[in-house]
Amino acid sequence: MKAFSVLMTVVLSVVLLGCGNQPGEPVEYSQVCSTANNKKYIETEGFLDDAGGVFCSNTSGRMECGFKLKNDLKDEKGFSADIAIAGGANSMDKLERGYRKSDIKIRNNQGDPVDLSKKVKVTGTLTFSDDPVYTSGPVCYLKVDKIEQ
């Protein structure tokens, strides 16, 4: 069982690193959340913000937390940028309950810490839907594979 866990960790690391090197189609921030970009592998720029709290889950097949990617730090709105909890490049460290903003440790493509007060370029697969079943409005989130700063 231990050998299986080690093997799965190695496979996951290789997959995450491989995805982080693929170029995305550049998309202006204001154009990201649209039907035209649904299921596309894109790259865009913005500021990562925990917006007072993050929701973490493994519903996508990987353990990840959703941050708001905002055009400007003062913006109230943004769309979700889901970052894997993996403790290496292009990922974040697990957050403990009751965390403070200073506890957030996100790493860029080189494995260096991301400064949340500075703009980042993120690359990943976008999901967008404006289906009327979503009564709170359109759903827009980016499954982040690469973070550059």
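This passage describes the fold, the disulfides, the salt bridges and selected local contacts of a predicted model.

Local features were taken only where pLDDT is at least 70 and side-chain atom pairs only at pLDDT 80 or more, whereas totals for chains, interfaces and linings use all residues of this predicted model. Residues are numbered from 1 along each chain as its sequence is written, and side-chain values use heavy atoms, with hydrogens and water left out.

The protein chain contains one helix and nine strands, where helices (H or I, at least four residues) and strands (E, at least two) are DSSP runs numbered from the N terminus. In sequence order, these elements follow the pattern α-β-β-β-β-β-β-β-β-β. Of the 149 residues in the protein chain, 35% are buried; buried denotes a relative accessible area under 20%, exposed over 50%, and partly exposed the range in between (1.4 Å probe, protein chains only). The accessible surface of the protein chain amounts to about 9,000 Å², and carbon and sulfur atoms contribute 54% of this area. Accessible areas were computed by the Shrake-Rupley method with a 1.4 Å probe, and for residues only the protein chains shown count as cover. Among contacts (heavy atoms within 4.5 Å) in the protein chain with a separation of 6 or more, 49% involve residues 24 or more positions apart.

Two disulfides were identified, a disulfide being a pair of cysteine sulfur atoms within 2.5 Å. When the bonded cysteines of the protein chain are numbered in sequence order, the pairing is 1-4, 2-3. One disulfide connects Cys33 with Cys140, at an S to S distance of 2.0 Å. This pair links distant parts of the chain, with Cys33 in the loop between β1 (25-26) and β2 (41-49) and Cys140 in strand β9 (residues 139-148), 107 residues apart. The torsion about the S-S bond of Cys33 and Cys140 is about -85°, and the disulfide is therefore left-handed. Cys33 is partly exposed, at 32% relative accessibility, while Cys140 has a value of 12% and counts as buried.

The other disulfide is formed by Cys56 and Cys65, whose sulfur atoms lie 1.9 Å apart. The link of Cys56 and Cys65 is right-handed, with 100° about the S-S bond. Cys56 has a relative accessible area of 29% and is classed as partly exposed; Cys65, at 0% relative accessibility, is buried.

Nine salt bridges are present in the structure, each defined by a side-chain nitrogen of Lys or Arg within 4 Å of a carboxyl oxygen of Asp or Glu. Lys121 takes part in a salt bridge with Glu43, at an N to O distance of 3.6 Å. That pair joins distant parts of the chain, since Lys121 belongs to strand β8 (residues 120-129) and Glu43 to strand β2, 78 residues apart. Lys121 also forms a salt bridge with Glu148, with 3.7 Å between the closest N and O atoms. Because Lys121 lies in strand β8 and Glu148 in strand β9, this pair ties together parts that are 27 residues apart in sequence. Lys121 and Glu148 are each partly exposed, with a relative accessible area of 25% for Lys121 and 25% for Glu148. Glu43 is buried, at 16%.

A further salt bridge brings together the side chains of Glu64 and Arg62, at 2.5 Å (N to O). Glu64 is buried at 7% relative accessibility, and Arg62 is likewise buried, with a relative accessible area of 11%. In addition, Asp49, Asp50, Lys70 and Lys101 are connected in a network of salt bridges.

Arg62 and Glu64 also appear in the surroundings of Ser57. Ser57 is located in strand β3 (residues 55-57) and is buried, with a relative accessible area of 16%. With residues up to four places away in sequence left out, Ser57 touches Arg62, Met63 and Glu64. The side chain of Ser57 makes a polar contact with that of Thr59, at 3.3 Å. A polar contact is a pair of N or O atoms within 3.5 Å; within protein, one must be able to donate a hydrogen and the other to accept it, and residues adjacent in sequence count only if both atoms are side-chain atoms.

Gly53 is placed in the loop between β2 and β3 and is partly exposed, at 37% relative accessibility. Gly53 and Gly66 are separated by 13 residues in sequence and by 9.1 Å in space, C-alpha to C-alpha.
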